[in-house]
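Me: I would like to go through the labels given to this model and see what each of them rests on. Please set the values against the cut-offs.

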Amino acid sequence: MEKLDMYCKSLDEIGEKIIELYEKRMNMVKLISRYKEEHNFPTHDQNRENSILEKNLSKIKNEEYKKHYKSVLNGFLEASKVMHDDLKSK
């Protein structure tokens, strides 16, 4: 049980780092959304999303994890789109 507690504590610490990075990411999303709106750029760029996915997948060393990464990235992208819509409605 001690080993499991150690693993869970480590996972919690990683989760905290992910939250910190997520908040930084969403701050950038706000800046990008405002810039796109001010310059009449489209919100959604499928080419950019495909490029991000391809680039990031190539950085994942463990092949077993690659198949799950797409859902993680899609979650981030969906949250970004929702935030953009929220900012537009303000």
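Me: How many aromatic pairs does the count come to, and what makes Tyr-35 and Phe-41 a stacked pair?

Reply: The model is a predicted one, and the count comes to two aromatic pairs. For Tyr-35 and Phe-41 the ring centres are 6.0 Å apart and the planes differ by 25 degrees. Rings pair if their centres lie within 6.5 Å, and planes under 30 degrees apart count as stacked, so both conditions are met.

Me: Are these two residues, Tyr-35 and Phe-41, buried, exposed or partly exposed, and why?

Reply: Tyr-35 has 44% relative accessibility and Phe-41 has 45%. Buried means under 20% and exposed means over 50%, with partly exposed in between. Tyr-35 is therefore partly exposed, and Phe-41 is therefore partly exposed too.

Me: Why is the contact of Glu-13 with Lys-9 called a salt bridge?

Reply: The closest N and O atoms are 3.9 Å apart, and the limit is 4 Å, so the pair qualifies. Both residues are in helix α1, four residues apart, which means a separation of about one helical turn. Lys-9 counts as exposed because its 54% is over 50%, while Glu-13, at 40%, is partly exposed.

Me: What makes Glu-49 and Lys-81 a salt bridge, and which parts does the pair tie together?

Reply: The N to O distance is 3.3 Å, therefore within the 4 Å limit. Glu-49 belongs to helix α2 (residues 46-59) and Lys-81 to helix α3, so the bridge ties together parts 32 residues apart in sequence. Glu-49 is called buried because its relative accessible area of 13% is under 20%. Lys-81, at 25%, is partly exposed.

Me: And why is Glu-63 with Lys-66 counted as well?

Reply: Their side chains meet at 3.1 Å, N to O, so this pair also satisfies the 4 Å limit. Both lie in helix α3, three residues apart, about one turn of the helix. Glu-63 is exposed at 55%, whereas Lys-66 is partly exposed at 22%. The search of the whole structure finds four salt bridges.

Me: How do you know that the length of helix α3 agrees with its residue count?

Reply: Helix α3 (residues 63-88) has 26 residues, which should span 38 Å at 1.5 Å a residue, and its end C-alpha atoms are 39 Å apart; the two values therefore agree.

Me: Where is the kink in α3 centred?

Reply: The kink, of about 35 degrees, is centred on Tyr-69. Tyr-69 is also one of the buried residues of α3, which include Leu-73 and Leu-77.

Notes. Residues numbered from 1 in each chain as written. Predicted model: local features only at pLDDT ≥ 70, side-chain atom pairs only at ≥ 80, totals over all residues. Heavy atoms only, no water. Phe/Tyr/Trp six-rings, centres within 6.5 Å; stacked < 30°, edge-to-face > 60°. Buried < 20%, exposed > 50% of the residue type's maximum accessible area, 1.4 Å probe, protein only. Helix = DSSP H or I, 4+ residues; strand = E, 2+ residues; numbered from the N terminus. Expected span 1.5 Å × (residues − 1). Bend = angle between axes of the 7 residues up to and from the residue.
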